[in-house]
Amino acid sequence: MSIRKTPIAILISGRGSNMRSLIAACAEPDFPASVELVLSNKEDAGGLDYARSLGLRAEAVPHRAFGKDREAHERAIDARLKEAGIEFICLAGYMRLLTPFLTDAWAGRMINIHPSLLPLFPGTHTHERALEAGVRIHGCTVHHVTAGMDEGPIIAQAAVPVFPKEDTADDLAARVLVQEHVLYPAALKAVLAGTGGCASNEDRLLVV
Ligand code: GRF
C-alpha cells in the first residue's frame, strides 16, 4: 500500500543544495512528502533551473516588485502556495525575513534549516562567528519558523567538530553542509510523522 505524500513547497534564494537533498528524499516511494512547488524571491536562483530540469514547478516571485511592502510579497507567495495545494513549507536558504503574515498563516507547517547549533549564532555569517567564539562543536539546526528570526522550536540538530587551528569559515561551512543534507530530510520526515519535537533521540541528533 502506498503512503500518502504531503504536498510541500521549498522556498529558496540561491543554489539550493538543501532543496536538492529534499527533492531526492521526496523521490523515494516511502518518503511522506512530495515536492509540488519551488519558489524563489530571486529570478536567478540556481536552484530554480535545477528543479525545472527535473520537471518540477519552480517559479520566482521577486521581492523587488513589491518595494518595501514585505507583506504584499508574502501575500503573492501565499497565493501561489494555496493555488498549488501546498500543505507544508520547507525554507532552504530563503534569505528573506518573514512577517507575522506568513509565519502565522503557516504556523506549525513551516520549517527552516539554519547553519549553526541554535540558539547560538542566529542570523548570518554563522561559521565566521563560530570560529571567532572559539567553539569546538558547531553544526546545523532544523526548527519551526516563528516570527522571531531563527527562534522557533528546535526539531533536530547535527553537530560537527571544529578544528580551530586549521579551519577556515569555508571549511566549516562545507563540513556543516554535508550534515544539513542528511538532517533536513530526516527532520521533515519526523515532523510529518507527528514525532517532531523530542520524542526520541534517534532521528533528532546526529553527531559526526
Ligand atoms: C544553508 O547553509 C542553510 O543552512 C542556510 O542557507 C544555506 C543555503 O544553502 N539557511 P543551499 O542554498 O541549500 O545550498
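1. A good place to start is the ligand: one of its oxygen atoms sits 2.7 Å from an N or O atom in the side chain of Glu180. Please keep in mind while reading that this is a predicted model.

2. Two further polar contacts are worth a look. In the side chain of Arg15, an N or O atom is 2.4 Å from an oxygen atom of the ligand. With Asn18 it is the backbone that takes part, as one of its N or O atoms lies 2.8 Å from a ligand oxygen.

3. If you would like to display the whole surroundings of the ligand, select Arg15, Gly16, Ser17 and Asn18, then Gly93, then Ile113, His114 and Pro115, and finally Glu180.

4. Some of these names come back when you turn to the helices. Helix α1 covers residues 17–26 and helix α6 covers residues 169–192. Ser17 and Asn18 belong to the α1 side of the contact between these two helices, together with Ser21, Leu22 and Ala25. On the α6 side you will find Glu180, along with Leu177, His181, Tyr184, Pro185 and Leu188. Sorted by class, this contact has six nonpolar residues, four polar ones and one charged one.

5. How are α1 and α6 arranged relative to one another? Their axes are 9 Å apart, and the helices pack at an angle of about 45°. An angle of that size makes α1 oblique to α6. The crossing of this pair is right-handed.

6. Helix α1 also packs with helix α2, which spans residues 46–53. Here the axes come within 9 Å and cross at roughly 20°. Angles under 35 degrees count as roughly parallel, so α1 is roughly parallel to α2. The crossing of α1 and α2 is right-handed.

7. Which residues bring α1 and α2 together? From α1 they are Met19, Arg20 and Ile23, and from α2 they are Gly47, Tyr50 and Ala51. By class, four residues in this contact are nonpolar, one is polar and one is charged.

8. Lastly, do have a look at the backbone of the loop between β5 (110–114) and α5 (126–133), where Pro119 lies. The peptide bond joining Leu118 and Pro119 is cis, with omega about 10°. Phe121 is found in the loop between β5 and α5 as well. The phi of Phe121 is near 55°, a positive value in a residue other than glycine.

Notes
Residues are numbered from 1 along each chain as its sequence is written. This is a predicted model: local features need pLDDT of at least 70, side-chain atom pairs count only at pLDDT 80 or more; totals for chains, interfaces and linings use all residues. Side-chain values use heavy atoms; hydrogens and water are left out. Axes are lines fitted to C-alpha atoms, for helices over the stretch in contact, and angles run from 0 to 180 degrees between N-to-C directions. Helices (H or I, at least four residues) and strands (E, at least two) are DSSP runs, numbered from the N terminus. Angles under 35 degrees count as roughly parallel, over 145 as roughly antiparallel, 65 to 115 as roughly perpendicular and the rest as oblique. A crossing is left-handed if the near helix is turned anticlockwise from the far one by less than a right angle, and right-handed if clockwise. Contact means heavy atoms within 4.5 Å. Ala, Val, Leu, Ile, Met, Phe, Trp, Tyr, Cys and Pro count as nonpolar, Asp, Glu, Lys and Arg as charged, and the others, Gly among them, as polar. A residue is near a molecule or strand if one of its heavy atoms lies within 4 Å of it. A polar contact is a pair of N or O atoms within 3.5 Å; within protein, one must be able to donate a hydrogen and the other to accept it, and residues adjacent in sequence count only if both atoms are side-chain atoms.
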